[in-house]
Amino acid sequence: MSGTGTPVVEATGVVKRYGPTVALADGSLAVRPGEVHALVGRNGAGKSTLVGVLTGLVEPDAGEVAFGGEPAPPTGDRAAWRALVACVYQHPSVVKDLSVAENLFLNRQPRGRFGLVSHARMRREAAELLESWSVPVDPGLPARELTVEQRQLVEIAGALSLGARFVILDEPTAQLESRAVQRLFGRVRALREQGVTFLFISHHLPEVYELCERVTVFRDARHVVTDTVAALDRERLVAAMVGEARGLVRAGADRPPVPDDAEPVLELTGVGVPGVVGPVDLVVRRGEVVGVAGSAAGGKRQLAEALAGLRPRTGRVAVAGRVVRPGSVRAALDAGLGYLPGDRDVDGFVSGLSVAENATMTIAHRLGPGQLVLPARRDAEARRVIAELDVRTTGPHQPVGELSGGNAQKVAMARALAGDPEVLVLVQPTAGVDVRAKESLLGAVDAQTRRRRGALLVSDELEDLRVCDRVVVLVGGRVVAEHPRGWDEGGLVARIEGIGEDHD
Amino acid sequence: GCSKDAPTGTPPAGSGPGGVGVDLPRADSDFWNAYARYVPEKAAEAGVELVSTTNSQNNVQTLISNVDSMVTQGARAIVMAPQDTGAIGPKLDELAGRGIPVISVDTRPDTGQVYMVVRADNRAYGTRACEFLGEELGGRGKVVEFQGSLSSVNGRDRSEAFKECMGTRFPDITVFEEPTDWEGGRAQAALETRLATDPDLKGVYMQAGGVFLDPTLQVLKQRGLLVPPTDPRHIVIVSNDGIPQELDAIRKGEIDATVSQPADDYAGIGLHWARRALAGERPAPGPTDHGSTVVELPNGFEDQLPAPLVTRDNVDDPALWGNGSGS
Amino acid sequence: MTSAATGTDAPGDGTGPPGGSPAGRARPANRLRLARLRDLALVPPIVALLVYGWTLKPDLFLTKAYLVDTVLKYQTELALVVLAEALVLIVGKFDLSLESVVGIAPAIAVFLVVGGADLPGTPWPTWTVLPVALLIGGLVGLFNGLLIVRFTLSAFIVTLAVLIALRGLQLAVVGGATMSNLANRVPVIDHLGSLRFLTLPISVWVVVVCFGVGIVVLGYTRVGRSLYAVGGNPAAARAAGIRVERVVWVTLVVAGVLAAFAGLMLSARLGSVAANQGDGMIFTVFAAAVIGGISLDGGKGTLFGALTGVVLLGLIQNVLTLAQVRADQIQAVNGLVILVALVLARLTSGKAQD
Amino acid sequence: MTSAATGTDAPGDGTGPPGGSPAGRARPANRLRLARLRDLALVPPIVALLVYGWTLKPDLFLTKAYLVDTVLKYQTELALVVLAEALVLIVGKFDLSLESVVGIAPAIAVFLVVGGADLPGTPWPTWTVLPVALLIGGLVGLFNGLLIVRFTLSAFIVTLAVLIALRGLQLAVVGGATMSNLANRVPVIDHLGSLRFLTLPISVWVVVVCFGVGIVVLGYTRVGRSLYAVGGNPAAARAAGIRVERVVWVTLVVAGVLAAFAGLMLSARLGSVAANQGDGMIFTVFAAAVIGGISLDGGKGTLFGALTGVVLLGLIQNVLTLAQVRADQIQAVNGLVILVALVLARLTSGKAQD
Ligand SMILES: Nc1ncnc2c1ncn2[C@@H]1O[C@H](COP(=O)(O)OP(=O)(O)OP(=O)(O)O)[C@@H](O)[C@H]1O
Ligand SMILES: Nc1ncnc2c1ncn2[C@@H]1O[C@H](COP(=O)(O)OP(=O)(O)OP(=O)(O)O)[C@@H](O)[C@H]1O
Ligand SMILES: [Mg+2]
Ligand SMILES: [Mg+2]
């Protein structure tokens, strides 16, 4: 159904440097009218930079952008850009203290009498817009109170409501659960029927095959190939992204079975999070990865946060037999619990501090005698994890804020692993992470848990859950099902969506 | 519709002589604190009723609203010490229009009707300090002057008079003017710099003893310059205020002189005029019963108090307020 | 006004899809109450002060004449500068130099009019006082904007340096001597200082009008709303097509103009321009704005809240004077009362202040 | 120290759309150089001032005696308060009350020693001056921490209110009368004010030691690094097991103690405690810290940078005095020089200051 003829947007030879960094060396892309075009590439390949160029926020050092054959508007003319292209950016771009309604209509608030902004009308229109998107959010809420999912849906709804005929979605699905993803895809398809063109960026290759007609691959800041998805099977697509023919190893495919007599390393007895979860009983044994699935309202994330000591909880938690005092991160860490937060932009790292510093933040006490932290030791430790997790960085001294999303995620993972924990609690470990990085992250989880450790892996992504030895499903704060390794996708999804009372 | 601002608050009622409201200009200096202590004492002596005592903390806006508040509380005469002599004018005229006499202590308002100004001339302070220094130094040498805040009238008067006197009478004396904003620390740094660049410095005029005395002595002590007047390295120091610490320092020979600013007289004579004003008397130019002279101003009268120069010779004079029991 | 400014007002009817998640759908009524509460957080302490003042002077305190002429009239210039600072804070910046504008703008404008300057054409006609003062305020804002927006320097330090420089300049202009007796020499100043309209002083009307306009603009125009967006998340604002730099720049200029107007009003009330006019005012300005709910992080707070902050501080001063608190204790008590007001506001609104 | 600095020169804008954030795949050598540059940004203006001072007094200016006794000695208290404020700013908070601690801590401690108090046991032995002053500083920090950490009130406004209250308290304690002639009455004060060690005044040594310890602690210890983490992203710091509240609280207490020490040194130098000791100092403190590269947003800057800020301001003052700039112009020139230094620092480091 994708048309041919003049591309909706065409970028040729776009170059963008940031100081010594070349973010884009040769960014070229042509999107045909009416298609959904995928843009893939490893973390840091320059995708988001190109998005910046295509939306007029980044001025390229060289190269051209044309919309429908016409040269792009001047950088200053935001109105013209916004009429041409709508975008959901990779990083959250809501104003947290403004209401959802106002975020949806930022700088284009509906006006009423005397040309003044009509808040009533704005709320009404926002409610209609949100309803048409089935986003169950009160338009009067301040945006800071939204969950990640809600926030993203609001951003998507807002961007699409601008009426542009060309829409860019930069990793819209990275943090969405599967039903939300399906809703999004349904919406995209419907708009495509109406002739809207999409550029879709994702590290979820199955999504690319599901939704898109054509795909462009970037590697090392350059355009590598553009072709139809049919012509580029998964192997070749990955090879194009990674730059070598080696196929991907499926992490965890050959995990040995957990012996029945393996010692429990994490025991939950009657654990509850007031108002959200509980009571939950669960045991993770040494050498075992237990997945936790469930919808956003199921409480899986809150459970993980409570285990990490970030939320108050009830019940008994023991790590390797030692009872952990609730409500204290330090106690959890000291007991041997490594934690990877679910939203790296919030509490995953300190963006101004270096990779080394972030990666070793939980083990600062081991980096020197007494209270001292020896930079040499810290850097050595950091170099080790950079190599181990394949973090793409200039070195241990680069601030994490400068890393691409996926690489920042690896740093957060390094922090979780740093204390040599008995058990890992990981929330959405591969959100926004490229295919190779996902392999290395999941590979790390797999490798780290083969012998002594256990892991609790909280995720919406089936691919992540594949690594697990068993998966429990949390609905309404309770464990409703348990699937041993080799679960069948349909069954698990049915359970997650489950039983009609899934939402709230 | 529009109207011109009218006096507000209750007009003075005619019952009895009524009380006096006193506004203190600031609470952070030794001199004004001594003054504050003298006020109730002298009020009792003069037999006037104190309606209220407020403090305007060196802020003319606070002063104005304090005055409003005191009038509301029944003050029939006001004693104030407006540190901003320009800004108080309109308020004075308003008070005069309502028949409330104002005694201005220490400063002479630029405009606005006053019943009486009670002050020792700040220009005279500067001139006296200059004369003393000039004579002690024999008309030549280098002198540092610690000026107060440039936005303070009194400081400015002292600076101008000092400069004028030095320029006309002792042209061979070099004066380094150091603005200090009444901060001891800045005076110290300035003095230290001058002692380094001009080791032959012979004299210091500090415009406020309360602020500059200790810091100056500290520097001199550390540099070994705190020597008796007989020593050729001695630096002649003239201070201003007449607080007890200065008198002590004079006795010890650490400084040479100070111009005594009479805190007790400011309070006593200020309230004296307040009583006369309440009694309905009109002042007249000429000598007074307390050894001073009243002169007529365009906007009122001024009682010019003497400002004695205190040196080693008269430092033990019991008439000096700094030797009194008040502090 | 309240709901508009906080943006957290919710519709009373259930327009959302059926079965929305409870997390997202806090009950509208509650939310509404909370938003209003935050704006009205200072009302209880204000009422308490009014009652206390009334017990001190039952016959007098609660009369219009007293409240207007001894409380409000003295807060008008502060209110205007707080308005200016609130705008700057909401847009996510900082302006310390406003206190120096309060001094320098009327100083130069009056200087040009009453003579002493060597400039061609001086002394200028007296009517120029108003436009020249406002122009100077605007120019200072423009200069701040140049350094903050163009050179991307820290607003705090830029305006601190400008503050120091302008204070110095003012000393040089006024020459240490207060320019006085202006009411008789400059009619504009006389009018501004003493005219009344419907029994209220002009300056009170100026504040009412400025805050009224400010509340409408901030709450109900796109430009006004964009201040919140820029202060809250400049990147998102830019992506939404808001010209972030321009908004910041214009806000700084408007703030300068407002501060200049405040300075002129102050000079009019005092009938003079002192060498230290405005000196030390900025602490009070920040105290009023922040107590009134304006966040230093940008993007938060309402002008109405800021106004309650001004009224609260004014009342505290007045009541402490009335209560004859000793001069050397009045400041300590003042600070304590501010702390208590703060804790009260915190308890009432039930939210962390930031 | 380099590594400390490297960790802190991020653009700090990780959340905007991609266009908003600068990137780095920079070579390590470059990064290192950049980090150093940022720390050394004030060296060119400092050198310029030294050269200018030397041209004014070629025989004198660059001698050790001159630099130590007329420049550095007068910056020691400022330096200590800047150190305190830098710690607070790095941990992401704000402390205005430090300037009042500079006054109140020595005021109370001296008051208890030289008598006048009605407390049992007074006058206390003179050696108590030092511990009591430091204790008072710590208590003020503790109280600030209570309101900021426990009640989650805004640090700016809490410390502003505490500042006002303490200034008032100081007036009440000192009673307006300067406590004077201390050098002869309190040996501790005399020693602090006049002893020398290896030809340098004790106060200079105190600053050297405090900064030395501070640089080591901030750069190379767990606690020190956690200050940056807490200031940079408290949520992430908490998730990494750092006790955020405790770190903030301890920092506030340490800052109070440092400010109290600075106050005692100031009293020692002046030989007295004035009723307004410390008054107005906080502006200079912030100017020095921010010019020196400490960010008001938290998590950024080094103590070495802050120290260069102090030295720069001290040199400006001194050189202006030497150059005999006219009294009414000295302030204006001062502000201008600060602005120029700022722009220079900006150009040298090549990055937006924030
Ligand atoms: N504002 C910036 N300043 C400096 N470097 C930048 C900036 N933005 C991007 N870069 C650099 O440009 C390169 C490309 O970044 P870009 O964001 O386009 O990658 P990406 O393909 O979107 O990666 P990911 O999949 O991780 O989101 C990266 O190396 C990044 O470090
Ligand atoms: N502020 C910055 N400063 C320096 N480099 C940056 C900055 N932001 C991003 N980069 C670089 O740009 C590259 C891409 O960053 P970006 O976050 O856009 O990646 P992305 O394509 O969205 O990746 P992911 O899929 O991991 O989220 C990274 O290599 C990163 O190092
Ligand atoms: Mg990207
Ligand atoms: Mg990404």
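**Note on the chain interfaces and selected contacts**

1. In this predicted model, the interface of chain D and chain C brings 44 residues of chain D into contact with 45 residues of chain C. Between them the two chains bury about 3800 Å², and 80% of that area lies on carbon and sulfur atoms. For the polar side of the account, the rule finds zero salt bridges across this interface, and it likewise finds zero residue pairs in polar contact when both residues are required to have pLDDT 80 or more.

2. On the side of chain D that touches chain C, the elements giving two or more residues are the helices α7 (129-150), α8 (155-174), α15 (281-291) and α17 (327-349) of chain D. The largest share comes from α8(D), which supplies 14 residues. Sorted by class, this side of chain D has 33 nonpolar residues, together with eight polar and three charged ones.

3. The interface of chain B and chain D can be set out in the same manner. Here 31 residues of chain B are in contact with 35 residues of chain D, and the two chains bury about 2500 Å² between them, of which 46% is on carbon and sulfur atoms. The rule finds two salt bridges across the interface of chain B and chain D; one of the pairs joining these chains is K221(B) with D190(D), whose closest N and O atoms are 3.2 Å apart. The count of residue pairs in polar contact between chain B and chain D, with both residues at pLDDT 80 or more, is 10.

4. The side of chain B that touches chain D draws two or more residues from each of α1 (30-46), β8 (173-179), α6 (184-197), α7 (209-222) and α8 (244-252) of chain B. Of these, α6(B) gives the most, with nine residues. By class, the residues on this side of chain B divide into 12 polar, 11 charged and eight nonpolar.

5. Within chain D, the axes of helix α5 (residues 76-90) and helix α14 (residues 244-270) come within 8 Å and cross at roughly 170°. Because angles over 145 degrees count as roughly antiparallel, α5(D) is described as roughly antiparallel to α14(D). On the α5(D) side the contact is made by T76(D), E77(D), L80(D), V81(D), L83(D), A84(D), L87(D) and V88(D), while the residues contributed by α14(D) include L252(D), L258(D), F261(D), M265(D) and R269(D). By class, the contact of α5(D) with α14(D) has 14 nonpolar residues, with two polar and two charged.

6. Over all chains, the structure holds 65 salt bridges. One of the pairs in chain A is formed by the side chains of D61(A) and R17(A), which meet in a salt bridge at 3.9 Å, N to O. D61(A) lies in the loop between α1 (47-54) and β4 (62-67) of chain A, whereas R17(A) belongs to strand β1 (residues 9-18) of chain A, so the pair ties together parts that are 44 residues apart in sequence. A reader checking this pair may wish to keep in mind that the rule places its limit at within 4 Å.

Methods
Residues numbered from 1 in each chain as written. Chains lettered and ligands numbered in written order. Predicted model: local features only at pLDDT ≥ 70, side-chain atom pairs only at ≥ 80, totals over all residues. Heavy atoms only, no water. Contact = heavy atoms within 4.5 Å. Buried area = accessible area lost by both parts, 1.4 Å probe. Polar contact = N/O pair within 3.5 Å; in protein donor to acceptor, adjacent residues only side chain to side chain. Helix = DSSP H or I, 4+ residues; strand = E, 2+ residues; numbered from the N terminus. Nonpolar A, V, L, I, M, F, W, Y, C, P; charged D, E, K, R; others polar. Axes fitted to C-alpha atoms, helices over the stretch in contact; angles between N-to-C directions. Parallel < 35°, antiparallel > 145°, perpendicular 65-115°, else oblique.
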